[in-house]
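Here are my notes for a colleague who is opening this structure now. They are set out as numbered points, to be read with the structure in view.

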Amino acid sequence: MLDLATHSDVEFVMHATAGVEGLPCAIAALSAGKIVGLSNKESIVMAGAHLKRVADENGGTILPIDSEPNALWQCVIGEKSSPKRYIITASGGAFRDRTPQELANVTPEEALKHPTWSMGKKITIDSATLMNKAFEVIETASLFDATLDEIDVVIHRQSIVHSLVEMEDGSIKAQLSLPDMRHPIQFALFYPERRPNDTLPKFDLLDAYELTFEAMDPSKYPCFDLAMKYARIGGTYNAVLAGADEAAVDLFLDRKIKFTEIANEIQTTIDLHEAKTEFTVEDAIAAAQWAYETTTTRHSTV
């Protein structure tokens, strides 16, 4: 992957790997001055400031592919001033209509049935825990130089409105499309042009019937508040958060822990970490790898 990401013939790197292993490739591509369409959330979560610095120093460019940050990007293009509020939407995941008590015995198969998107296993489980939304908040803060307090998350079941921005005058801009990743990918690939593509699904407002927005129920999503707590502290905690989450998701998929134990597994690993406030990319990678190994080792058998 490093060879592909830095190849002399490559101008645009579509970085869509999942997990903490994506950071070295992102750094390598930006160091080589590439345009990087970044869909790997963990890279930004672990070392967002470092990615931006490497891009600035080497003529690289970061374009968000993740649907929600991509939507925010589309909303702010052309604006002279920054939004006062960034609003990220969340489908609520596979268990949005379950009570916290009903989540104790859910299966990986149930968790992988996302109500609106078709995605890989890791991101689909993260959607069910809402860890993916926490990662997107951190990603938004980094990419748009926003504070965490300027970013809100709302439940939007239809996954049609991908994100919104509220401007200083009270106006709100939103980006809408059907839940299909080809839309943000194409936008980034051809930016700043918008090209016709008859293969993309077309959205008709009359087919939507209704677009609803709800407050998030924190009791259903302990991973979200956990992630936000350590995002405010920063340092290598974000890398440990990413590594421990990846391990906990794997453990759940392997039926070694329950869905409701994912947050506890992450917290247990974070409690063992001696965080660094000032850190290098190598520190972030090492912290994430340590977190993954520490979390999985607790459930390994001889």
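1. Strand S4 and strand S5 (residues 151–155) pair in the parallel sense, and five bridges link the two. Within this pairing, Thr89 stands opposite Val154 in S5. Please keep in mind here, and in every point below, that this is a predicted model.

2. S4, which spans residues 85–90, also pairs with strand S6 (residues 161–166), but here the two strands run antiparallel and are joined by four bridges. Ile88 has Ser163 as its bridge partner in S6. Strand S4 is mostly covered, with five of its six residues buried. As background to both pairings, strands of a sheet pair through backbone hydrogen bonds, in either the parallel or the antiparallel sense.

3. A separate topic is the open sheet made by three strands in the order S1-S2-S3, where the pairing is parallel. Strand S1 (12–15) and strand S3 (61–64) are its edge strands, each of them pairing on one side only. From one strand to the next, the twist averages 20°.

4. The register between S1 and strand S2 (residues 35–38) can be followed residue by residue, since the two strands pair in the parallel sense over four bridges. Phe12 stands opposite Ile35 in S2, Val13 has Val36 as its bridge partner in that strand, and Met14 stands opposite Gly37. The chain passes from S1 through helix H2 (residues 22–31) to S2, and this β-α-β crossover is right-handed.

5. On the other side of the pairing, S2 and S3 are likewise joined in the parallel sense over four bridges. Val36 has Ile62 as its bridge partner in S3, and Val36 is also the bridge partner of Val13. A right-handed β-α-β unit is made by S2, H3 and S3.

6. Which residues of S1 lie on its covered face, and which on its uncovered one? Val13 and His15 make up the covered face, whereas Phe12 and Met14 belong to the uncovered one. This can be read against the general pattern that, in a regular strand, side chains alternate between the two faces of the sheet. Helix H3 (residues 41–58) lies across S1, S2 and S3, and runs at about 140° to S3.

7. The largest nonpolar core holds 81 residues, and the members that touch the most others are Leu51, Phe224, Ile262 and Ile266. Helix H11 (residues 237–253) supplies the largest share of this core, namely ten residues. Ile262 deserves a closer look: when residues up to four places away in sequence are not counted, Ile262 touches Ile125, Thr129, Cys223, Ala248, Phe252 and Ile257. In general terms, nonpolar side chains tend to be buried together in soluble globular proteins.

8. Is Gln186, a residue of helix H8 (residues 182–190), buried or exposed? Gln186 counts as buried because its relative accessibility is 12%, and buried means under 20%. Leaving aside neighbours within four places in sequence, Gln186 is in contact with Arg195, Pro196, Asn197 and Leu200. The C-alpha atoms of Gln186 and Asn132, residues that are 54 apart along the chain, are separated by 22 Å.

9. The remaining remarks concern domain annotations, which come from an unreviewed UniProt entry and should be cited as such. The record places "1-deoxy-D-xylulose 5-phosphate reductoisomerase N-terminal" at residues 3–48. In the model, the end C-alpha atoms of residues 3–48 lie 22 Å apart, and the span is 48% helix and 17% strand.

10. UniProt also gives the annotation "1-deoxy-D-xylulose 5-phosphate reductoisomerase C-terminal", again from an unreviewed entry, for residues 62–144. The end C-alpha atoms of residues 62–144 lie 11 Å apart, with 43% of the span in helix and 11% in strand.

11. A further annotation in the unreviewed UniProt entry, "DXP reductoisomerase C-terminal", covers residues 176–292. For residues 176–292, the end C-alpha atoms lie 36 Å apart, and the span is 55% helix and 1% strand.

Technical notes:
Residues numbered from 1 in each chain as written. Predicted model: local features only at pLDDT ≥ 70, side-chain atom pairs only at ≥ 80, totals over all residues. Heavy atoms only, no water. Core = buried A, V, L, I, M, F, W, Y, C linked by side-chain atoms within 4.5 Å. Buried < 20%, exposed > 50% of the residue type's maximum accessible area, 1.4 Å probe, protein only. Contact = heavy atoms within 4.5 Å. UniProt positions renumbered as here; feature names shortened; annotations may be inferred. Pairing = 2+ DSSP bridges. Axes fitted to C-alpha atoms, helices over the stretch in contact; angles between N-to-C directions. Right-handed = clockwise from strand over helix to strand, strands pointing away.
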